[in-house]
Amino acid sequence: MDFLRNLFSSTLGLGSAEKVLDELTLEGVAHYIQSGKCKNIVCMVGAGISTSAGIPDFRSPGTGLYANLQKYKLPYPEAIFQIDYFKKHPEPFFALARELYPGQFKPTVCHYFMKMLKDKGLLRRCYSQNIDTLERVAGLQGDDLIEAHGTFFTSHCVSFSCRKEYNLEWMKEKIFSDATPKCDKCSSLVKPDIVFFGESLPVRFFASMKMDFPQCDLLIIMGTSLQVQPFAGLVGRVSKGCPRLLINMEKAGQADPVFGVLGFGGGMDFDSDKAYRDVAHISTCDEGCLALADLLGWKAELEEMVSREHTRIDTQDKQEKAGEDQGAAAKACAPPTAPEAKKQE
Ligand SMILES: [Zn+2]
């Protein structure tokens, strides 16, 4: 009955669905979090949360990234992420991987804000479209994360009869030695577990989605223009009463003007006179997270976390560099386990 009532109320404008936020602003969201009624926050994040880490949004033209790949004569830029093209011509992808290699970048304020939500017991899950693994570097663990477009964290042999798994360390060595990664066992290509065009999303994405979104009591969407399906459609999977906060450089995910009128589709509604739960905070993700942290009284704690963790990563990088200079040969003989993987899991 609740479902029908909500459907009618939002469709026909009869009354309104349960209004949870006292105002449709960042302050309203902060009051709600402080009320203690919100315990299952789901974050949905995209490329915009990593741009301040220096990772270019490689899907937009003009970043220079595609220009660097001209020598490979791609038929069109997206071919680099197409599975059929990759199997025939893996070189451009690995050249790009060298530039975007995870570990060259530090997580942003926004990544650490999500870690803080986890530490405070408020984060149910983070659904990320990014493949840069910065959520893991910031301290989210495998169970906290759905990497909807896969990850560099593990790799597999592309041969269906083999599928041997390789770790980050192994892949890193291949990528930086300019060698096209080939399987030790069967000599087929080895591909990081990121989802290419023409491949399906990880099984875990669909399984977790069904559990997480009905339970979600606050959806925070950051740094994504909500244009890639099925990811974008997740915003419509929370209950009608669940507030949704968008932190982005522009509004996104709004209902189709035709279907929106009919109440289908579950698109965002920030501005209409029926708006009752969607908040758009137009800013960079870092600014938005800092502003929200400030309203929650967490700002100093967040800034402290960012500076402490960045120092730790810089120190670790320096030590690794020193170690590499001293004993590249010794390292080559090390057993094929990834110490990084153990630390983070
Ligand atoms: Zn193989």
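**Close-up 1. Four cysteines annotated as a binding site.** In this predicted model, the residues to look at are Cys157, Cys162, Cys183 and Cys186, which an unreviewed UniProt entry annotates as "binding site". They are spread over 30 residues of sequence, yet they cluster in space, with a largest C-alpha distance of 9.0 Å.

**Close-up 2. Cys157 and what surrounds it.** Cys157 sits in strand β4, which covers residues 150–157. It has 22 C-beta neighbours inside 10 Å, so Cys157 counts as buried; the cut-off for that is 20 or more. Leaving out anything within four places in sequence, Cys157 is in contact with the other annotated cysteines, Cys162, Cys183 and Cys186. Its contacts also include Arg163, Lys164, Lys185, Ser188 and Val190.

**Close-up 3. Cys186, out in a loop.** Here we are in the loop between α7 (168–176) and β6 (190–194), which is where Cys186 is placed. Cys186 counts as partly exposed because it has 14 C-beta neighbours inside 10 Å. Not counting residues up to four places away in sequence, Cys186 touches Cys157, Ser159 and Cys162.

**Close-up 4. The buried face of helix α2.** Helix α2 takes in residues 26–34, and Val29, Ala30 and Ile33 are buried in it. Seen down the axis of α2, these buried residues fall within an arc of 100 degrees, so they line one face of the helix. A handy reminder: an α-helix has 3.6 residues a turn, so residues three or four places apart point the same way. Among the elements covering the buried residues of α2 are strands β8 (244–248) and β9 (278–282), along with helix α10 (285–296). Just after α2 comes Gly36, with a positive phi of about 85 degrees.

How values were computed. Residues numbered from 1 in each chain as written. Predicted model: local features only at pLDDT ≥ 70, side-chain atom pairs only at ≥ 80, totals over all residues. Buried ≥ 20, exposed ≤ 12 C-beta atoms within 10 Å, placed from the backbone. Helix = DSSP H or I, 4+ residues; strand = E, 2+ residues; numbered from the N terminus. Arc of directions from axis to C-beta. Contact = placed C-beta atoms within 7 Å. UniProt positions renumbered as here; feature names shortened; annotations may be inferred.
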